[in-house]
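Here are my comments on the model, point by point. Please read them with the coordinates open.

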Amino acid sequence: MCGRTACSLGAENLRRACAYRDRGGRRRQPEWIQAERYRPSYNKGPQSSGPVLLSRRHLQQDADSSERVLMDMRWGLVPSWFKKDDPSKMPFNTSNCRSDTMLKKSSYKGALLKGKRCVVLADGFYEWQQHSGGKQPYFIYFPQTKDAVDEGKEGDEEWRGWRLLTMAGIFDCWEPPAGGEMLYTYTIITVDASKDVSFIHHRQVRAGRGAAGQMPAILDGDEAIRKWLDFAEVPTQEAVKLIQPTENIVFHPVSTFVNSVRNNTPECLAPIELGAKKEIKATPSNKVMLGWLKNSQEGSPQKKENDLPRWTSQFIHSPSPKKTSANILQQWLGQEGEPAAKKRKA
């Protein structure tokens, strides 16, 4: 399953990181719909809001279906047919939707058949490995290149920052029975865990039933994203073929600090050494970011885009072209030491 994510880019950089080519081959950035509602987070759980990509045609009927927009939606799908006046009264959890039942369960089937497909954006997601001593959290994400340490300048055509994890989702729009503002919500589609991370997602067999571990359905590459979002050109039957496990991910252990969703600092996804007596200490650069987060809570909510907590080169000093994904993450956080990104061998 996927029950916790991180998405720390500010609104404008998130838009740059989602650049794409439209049907005519032109390079574009998706337009934000109510960007002021978006809040970056290192520790995002269900019922919070998160950024998603969707086709503009869902909002504007005469729009090109290949055109993309960004919206901040609430995590945990509320079907349009839900009759109660409070969406929190949903009797079951809809933060995840299993791929093998998404065309069977009424909560998802209607929205999916209507083409309400979205891409959920994140730096990565967290998963907990059960062991005799408790649970060990891991941060899971796309492999990163050395370019990820530098976002580049705003005028640059290519985004050179962190490669966002792009997860397949379903969204719906619920209107309160008594009237009022429409509520957009989403669920993350899950598939059987890939071999690389199956040991993290291992589930014990209960009462003779096997319960395979689940992970998000990750869309790897812009072509997969295009097909998933363009509901007018790609019918449901074709789109669901994209929902497959991927091996193109890496991960590293993180502190149990992330266990509490109230904790929202870079420490949540900083790599640690398993078995070490002490976790990696914060460096001056990390303290700068931590200080910003503290100050941002005390200051005005209308902070400028440049002040938003994000991975930026202002915290990076001497990037090396030979760094692994976890090393790059450490550079972002201003960390020292080299716990390598773990990738399970076959």
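1. Five strands make up an open sheet, ordered β5-β1-β10-β11-β15, with antiparallel pairing. Strands here are DSSP runs of E of at least two residues, helices are runs of H or I of at least four residues, and both are numbered from the N terminus. Two strands count as paired if DSSP finds at least two bridges between them. The edges are β5 (41-44) and β15 (250-253); each has a single partner strand, so one side of each lacks a neighbour in the sheet. From one strand to the next the twist averages 30°, taken between N-to-C directions of lines fitted to C-alpha atoms, on a scale from 0 to 180 degrees.

2. The model is predicted: local features need pLDDT of at least 70 and side-chain atom pairs count only at pLDDT 80 or more, while totals for chains, interfaces and linings use all residues. Residues are numbered from 1 along each chain as its sequence is written, and side-chain values use heavy atoms, with hydrogens and water left out.

3. Within the open sheet, β1 (residues 5-7) and β10 (residues 124-131) run antiparallel and are joined by two bridges. A6 of β1 has G124 as its bridge partner in β10.

4. How many residues of β9 are buried? Six of the six are, so the strand is largely enclosed by the rest of the structure. Buried means under 20% relative accessible area, exposed over 50%, and partly exposed in between (1.4 Å probe, protein chains only). In a regular strand the side chains alternate between the two faces of the sheet. Both faces of β9 are covered, with R117, V119 and L121 buried on one side and C118, V120 and A122 on the other.

5. β9 pairs antiparallel with β6 (residues 49-55) over two bridges, where V52 stands opposite V120. β9 also pairs antiparallel with β12, over six bridges; there C118 has G169 of β12 as its bridge partner.

6. Helix α2 (residues 106-113) buries S107, Y108, A111 and L112. These residues fall within an arc of 100° seen down the axis of α2, so they line one face of the helix; the arc is that of the directions from the helix axis to the C-beta atoms. They pack against β8 (96-98), β9 (117-122), β12 (165-174), β13 (183-192), α3 (222-229) and α4 (236-239). After α2 comes G115, with a positive phi near 85°.

7. In α3 the buried residues are A224, I225, W228 and L229. Their arc, seen down the axis of α3, is within 125°, so they too line one face of their helix.

8. The largest nonpolar core has 58 residues, and those with the most contacts inside it are L14, I170, Y186 and W228. Such a core is a set of buried Ala, Val, Leu, Ile, Met, Phe, Trp, Tyr and Cys residues joined through side-chain atoms within 4.5 Å. I170 touches, among others, Y108, A111, L112, C118 and Y186, a contact being heavy atoms within 4.5 Å. Apart from the largest core lies another, of twelve residues, among them A6, W162, V254 and C268.

9. T185 lies in β13 and is buried, with a relative accessible area of 0%. Residues touched by T185 include M73, R74, L77, V78 and I170. A polar atom of the T185 side chain lies 2.8 Å from the backbone nitrogen of V78.

Key: A polar contact is a pair of N or O atoms within 3.5 Å; within protein, one must be able to donate a hydrogen and the other to accept it, and residues adjacent in sequence count only if both atoms are side-chain atoms. Lists of a residue's contacts leave out its neighbours within four places in sequence.
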